[in-house]
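Trainee: I would love a close look at a single part of this protein, with its charged residues and its surroundings explained step by step. Please pick one spot and build the picture outwards from there.

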Amino acid sequence: MKNTRVLLLLALIASLVAPALVYPVLLMKLLCFALLACAFNLLLGYGGLLSLGHAAFFGGAGYCAGYALKHWGVTAEVALLLGMAVAALLGWVIGSLALRRQGIYFAMITLALAQLVYFIILQQPALGGEDGLQSVPRSTLFGLVDLSDDRALYYTFLAVFIGACYVIYRTIHSPFGQVLVAVRDNEPRATSLGYDVVRVKKLAFVLSAALAGLAGAMKALLFGVVTLADIHWHLSGSVVLMTLLGGMGTIFGPAVGACLVVLLENQLGDVGAWLASITGWSGFERLGDSVSIVTGIVFMLCVLLFRRGVVGEWLAWLERRRSVGERTPRQVAPGA
């Protein structure tokens with residue numbers, strides 16, 4: 001516990017000074033997708049529910065927030081709350097329908113309904129159609145802070161991310177979270193104990209959708225544009241990869257996995273150019289065009305070598321060290 005607190009403190013300090021060293025827009029993109037992965041992990045890692053429709057919540061909230069900012073002139077916090085509300089409503093509707101089934105049938109229903117949302121948005125001229133919603137202003141925070149400044153927006157996003165992670169942490173360690181884990185581990189037993197299993201799953205689904213929508217609204221605020229890629233099923237697949245890569249069922253593992261995937265997608269071309277300049281082989285320059293292949297290789301290596309994910313394996317290693325230390329007999333001094 002002490003080591004964990006030290007690591008969290010160091011991470012917080014690093015986050016505060018990061019804009020002075022790293023491009024703030026990249027950092028904010030990492031925060032958006034880290035929050036999306038953490039929201040998804042609440043449902044998959046602790047609820048045992050594989051949703052393939054989280055792109056609908058992410059993109060739907062992004063379109064709602066972007067439309068409100070552009071056409072209604074609302075402030076940033078109102079846009080974020082509207083995005084969360086729309087995502088929560090979508091989560092309630094999709095969850096009510098999908099939770100009638102379990103397993104792969106549940107996953108396929110979420111995917112089908114998410115694609116339905118995708119095609120509905122595609123057919124709306126007010127949302128830009130295939131061109132997406134563009135020229136979304138950043139507005140202000142509470143009418144006081146101008147978010148056109150990247151650093152001001154970064155610290156706003158950092159505060160939102162920390163608050164959302166605290167909500168996830170408190171949810172997991174609450175009585176509701178314990179019931180959710182019990183439903184995941186043994187649903188018939190939880191039912192026999194008198195818990196309303198469907199209600200527990202639906203609450204978790206709506207909460208996960210709302211937090212995913214918050215991430216989508218943040219991304220719309222950051223880039224000033226919302227595209228169909230934000231609501232496509234490919235994004236739902238990517239968030240599964242992020243969660244498994246970082247560590248399903250851990251608090252911050254999905255955030256680490258999201259950062260790894262996003263950095264891989266954004267920096268692979270630069271790494272290829274650097275390797276080409278060192279080795280003299282021009283083939284490395286095409287790495288940027290092979291992001292999907294490289295991501296697939298990384299995912300296979302993770303499944304084969306790090307089945308618990310990066311953070312999950314690290315936590316397991318710490319647990320083994322602690323167990324070995326407890327089993328090792330203490331040395332007794334002569335004559336004691």
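Mentor: Let us start with a cut-off: a residue is buried when its relative accessible area is under 20%, exposed when it is over 50%, and partly exposed in between. Please also keep in mind that this is a predicted model.

My chosen spot is Asp-230, together with the helix that packs against it. With a relative accessible area of 8%, Asp-230 falls under the 20% limit and is therefore buried. What is the salt-bridge partner of Asp-230? It is Lys-219, with the closest N and O atoms 2.9 Å apart. Asp-230 sits in the loop between helix 9 and helix 10 (233-246), while Lys-219 belongs to helix 9, so the pair ties together parts that are 11 residues apart in sequence. Lys-219 is buried as well, because its relative accessible area is 12%.

Now to the other side of Asp-230. Gly-59 touches Asp-230, and also Val-226 and Ile-231, leaving out residues up to four places away in sequence. Gly-59 and Asp-230 are 171 residues apart in sequence, yet their C-alpha atoms are 4.7 Å apart. Gly-59 has 1% relative accessibility, so it counts as buried. This glycine belongs to helix 3, which covers residues 54-72.

Helix 3 deserves a few words of its own. Its 19 residues reach 26 Å from first C-alpha to last, close to the 27 Å expected at 1.5 Å a residue. Of those 19 residues, 15 are buried, so helix 3 is largely enclosed by the rest of the structure. Just after the helix, Gly-73 takes a positive phi of about 65°.

At the start of that range is His-54, also a residue of helix 3. His-54 counts as buried because its relative accessibility is 1%. Setting aside neighbours within four places in sequence, His-54 is in contact with Ala-39, Phe-40, Leu-43, Ser-208, Ala-209, Ala-212 and Ser-236. It also has a distant relation along the chain: Val-240 is 186 residues away in sequence, with a C-alpha separation of 9.7 Å.

For contrast, here are the other charged sites. The structure holds four salt bridges. One of them joins Asp-150 to Arg-138, with 2.8 Å between the closest N and O atoms. Asp-150 is in helix 6 and Arg-138 in the loop between helix 5 and strand 1, so this pair ties together parts that are 12 residues apart in sequence. Asp-150 is partly exposed, with a relative accessible area of 23%, whereas Arg-138 counts as buried at 17%. Asp-185 and Arg-184 also meet in a salt bridge, at 2.9 Å from N to O. Asp-185 counts as exposed at 53% relative accessibility, and Arg-184 as partly exposed at 34%.

Which buried acidic residue has no salt bridge? That is Glu-77, for which Arg-138, the nearest side chain of opposite charge, is 14 Å away. Glu-77 lies in helix 4, residues 76-98. Apart from residues up to four places away in sequence, it touches Thr-140, Leu-141 and Phe-142.

The loop that holds Arg-138 also has two backbone features you may want to inspect. Ser-135, in the loop between helix 5 (103-122) and strand 1 (140-141), has a phi near 60°, a positive value in a residue other than glycine. Ser-139, placed in that loop too, has a positive phi of about 60° although it is not a glycine. Ser-135 is exposed, with a relative accessible area of 59%, and Ser-139 is partly exposed, with 22%.

Finally, let us step back to the whole chain. It comes to 13 helices and two strands, and buried residues make up 46% of its 336 residues. The long sequence separations around Gly-59 and His-54 have company: among contacts between residues at least 6 apart in sequence, 75% join residues at least 24 apart. The largest nonpolar core has 91 residues, of which Phe-33, Leu-36 and Phe-157 touch the most other members. Helix 2 (residues 24-44) gives the most to this core, with 17 residues.

Definitions and conventions
Residues are numbered from 1 along each chain as its sequence is written. This is a predicted model: local features need pLDDT of at least 70, side-chain atom pairs count only at pLDDT 80 or more; totals for chains, interfaces and linings use all residues. Side-chain values use heavy atoms; hydrogens and water are left out. Helices (H or I, at least four residues) and strands (E, at least two) are DSSP runs, numbered from the N terminus. Buried means under 20% relative accessible area, exposed over 50%, partly exposed in between (1.4 Å probe, protein chains only). Lys and Arg count as positive and Asp and Glu as negative; His and the chain ends are not counted. Contact means heavy atoms within 4.5 Å. The expected span of a helix is 1.5 Å times one less than its number of residues. A nonpolar core is a set of buried Ala, Val, Leu, Ile, Met, Phe, Trp, Tyr and Cys residues joined through side-chain atoms within 4.5 Å.
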